[in-house]
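Student: I'd like to learn how to read a structure like this one, starting with its cysteines. Could you walk me through it?

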Amino acid sequence: MIYASDYGFLPGADGMENARALQRAADMGGDISIDRAGVYDVSDTIVLKSGTRLVFCAGSEVRRHETPDGETAYLFINRGAYTREWDEQIEIRGLHLTTGGVCSDPAREGQKKVITGLSAQLAFSFIRDLVVEGYVVKDLPAESFGVQVCTFENARFENLWIEGRKDGVHLGRGRKFVIRHAVFRTFDDPIALNAHDYSTSNPQMGWIEDGVIEDCYDLDDEDTTGFFCRVLAGSWLPWREGMVVQRSDSVVYSGRVYRVVTPPDGRTFVSRTPPCHEEGLATYDGIQWCMAQADETLSCGCRNIVFRDIHLQKKRPVAFSLHFDKDVWSRSYYPNSEAPVQDNITFENVWVENDVPVFLSTKTPVGTVRVKDCRLGGSVFRFRHVGDEGITYPRARLILDGNEYTPIPGARVEAGEGTAVDVYAGMRVPADEELKTQGDCVRF
């Protein structure tokens, strides 16, 4: 066991002194104990390597400050996020964080600490066997996720309490994850499963699969945007001369995925020169491109996800959204690309405890959705077409079993133009409510 105090990590010490001290301890790897109660000021990013386990003692708190060199990045990040080499077995337990409004700077050419698409207090990429447990933060700023993980395998988040203005747990591509025993009060999405995302909000894109989200609370608050969980898909095309692109559009060229990083001002650009740099940011034809990943992926989405024992206590227009973005920040679906089908999404024992008009909204092609033993109140299921050319939606399959409803005057399941839903309805409470549908819905 390594004691961080032996390396000079101490309550009351200067923020840069503490950052250097904790980095010296982290460079040793293994089990590291933050062994003294008190407030620790930290003014720089701590980089963690494989086989590192940080354990914060009761009564300890980390308080962030801006980095003096003008390039403020993250509180913690793994080494492989910078090198694109996989790290393994990193754990952070018992961290109580006060951000003080500190968050990572926007990525720009020439930076060394900030990675395009990573914007979080705890940031991880290229990581296996990650554990974040007992993490408490109650002042997330509007530009920083609580914890962000992208390109991962086996990630576990437990006993969280996250409040503030941005996403609590934000996942990009990866597989095998658990988020459980968590309390959220966030203006934006408490949980984001963003296989696709803004070019500045995920470093890579790809499928998110095989996950369980359980025993989570969405606490009520005075205002909100987003959903309890955004389940975001996307698709794009190989680069071709003359194609029109906008912020966050993606292309494949020479075995790599490149993304447009420009302001969200609605401008479009004609691309006449293919992006071909091997890393970072570069500008061609007045278009700034980021080299996102070295593969030829053309689509992404989410599948095999279970939501269980969820308490929706916040008033939201929509609880869960299977989503394509389509605005000045991002369009997830590039016209005439091959859209992914998000599939095998299950909801068990979800309680709608406030005014939530729409339980599930979809704008992506969907396979099977199961809803079992949920208390849905007056919420409905809404299936919609994104409205772009070149995309055909297969018939979705909605399985309803043992759910409790409040009778409503309109349709419970709505299929918009260009979508179709097969509805398999089991026991309902009250049993005499007629399950009304609208659009191309077939009841089984």
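Tutor: Happy to. Keep in mind that this is a predicted model. Let's begin with one cysteine: Cys-150 has 0% relative accessibility, so Cys-150 counts as buried.

Student: What is the distance from Cys-150 to the nearest cysteine sulfur?

Tutor: First the general idea: a disulfide is a covalent bond between the sulfur atoms of two cysteines. To call one here, the two sulfurs must be within 2.5 Å. For Cys-150 the nearest cysteine sulfur belongs to Cys-300 and is 9.7 Å away, and Cys-150 is in no disulfide.

Student: And how far is Cys-374 from the nearest cysteine sulfur?

Tutor: That sulfur is on Cys-216, 14 Å away, and Cys-374 is in no disulfide either. Cys-374 is buried, because its relative accessibility is 2% and buried means under 20%.

Student: How many disulfides does the count come to?

Tutor: The count comes to 0 disulfides.

Student: On to charges, then. How many salt bridges does the structure hold?

Tutor: There are 36 salt bridges. The idea is to look for a side-chain nitrogen of Lys or Arg within 4 Å of a carboxyl oxygen of Asp or Glu. Take Arg-93 and Glu-133, whose side chains meet in a salt bridge at 2.3 Å, N to O.

Student: Why does the Arg-93 and Glu-133 pair tie together parts that are apart in sequence?

Tutor: Look at where the partners sit: Arg-93 is in strand E8 (residues 87-93) and Glu-133 is in strand E10, so the pair ties together parts that are 40 residues apart in sequence. As for accessibility, Arg-93 counts as buried, at 19%.

Student: Which strands hold Glu-348 and Arg-308?

Tutor: Those side chains form a salt bridge too, at 3.1 Å from N to O. Glu-348 is in strand E29 (residues 343-352) and Arg-308 in strand E27 (residues 302-312), so this pair also ties together parts 40 residues apart in sequence. Glu-348 is partly exposed, with a relative accessible area of 26%, and Arg-308 is partly exposed at 26% as well.

Student: How about Asp-401 and Lys-372: which strands hold them?

Tutor: Their side chains meet in a salt bridge at 3.8 Å, N to O. Asp-401 lies in strand E34 (residues 396-401) and Lys-372 in strand E31 (residues 368-372), so to speak of distance along the chain, the pair links parts 29 residues apart. Asp-401 is partly exposed with a relative accessible area of 33%, and Lys-372 is partly exposed at 35%.

Student: Which residues are linked in a network of salt bridges?

Tutor: Among them are Arg-93, Glu-133, Arg-308 and Glu-348, which you've just met, along with Asp-31, Arg-53 and Glu-91.

Student: Now pockets. What is the volume of the largest pocket?

Tutor: About 640 Å³. With a pocket, check its volume, then its lining. Here 33 residues line the largest pocket, and Lys-166, Tyr-198, Thr-200, Ser-201 and Trp-329 lie nearest its centre. The lining divides into 12 nonpolar, 11 polar and 10 charged residues.

Student: And which residues lie nearest the centre of the second largest pocket?

Tutor: Tyr-82, Arg-84, Ile-115, Glu-279 and Gly-280, out of 24 lining residues. The second largest pocket has a volume of about 510 Å³, and its lining splits into 11 nonpolar, 7 polar and 6 charged residues.

Student: Which element gives the most to that lining?

Tutor: H2, with 3 residues. Helix H2 (80-83), strand E10 (120-133) and strand E25 (287-293) each supply at least two.

Methods. Residues are numbered from 1 along each chain as its sequence is written. This is a predicted model: local features need pLDDT of at least 70, side-chain atom pairs count only at pLDDT 80 or more; totals for chains, interfaces and linings use all residues. Side-chain values use heavy atoms; hydrogens and water are left out. On a 1 Å grid over the protein atoms alone, a cavity is a set of points where a 1.4 Å probe fits but cannot get out, and a pocket is an open set with protein on both sides within 12 Å along at least five of seven lines; lining residues have an atom within 4 Å of a point. Grid points are joined across faces, edges and corners, and a volume is the space filled by probe spheres set on the points. Ala, Val, Leu, Ile, Met, Phe, Trp, Tyr, Cys and Pro count as nonpolar, Asp, Glu, Lys and Arg as charged, and the others, Gly among them, as polar. Helices (H or I, at least four residues) and strands (E, at least two) are DSSP runs, numbered from the N terminus. Buried means under 20% relative accessible area, exposed over 50%, partly exposed in between (1.4 Å probe, protein chains only).
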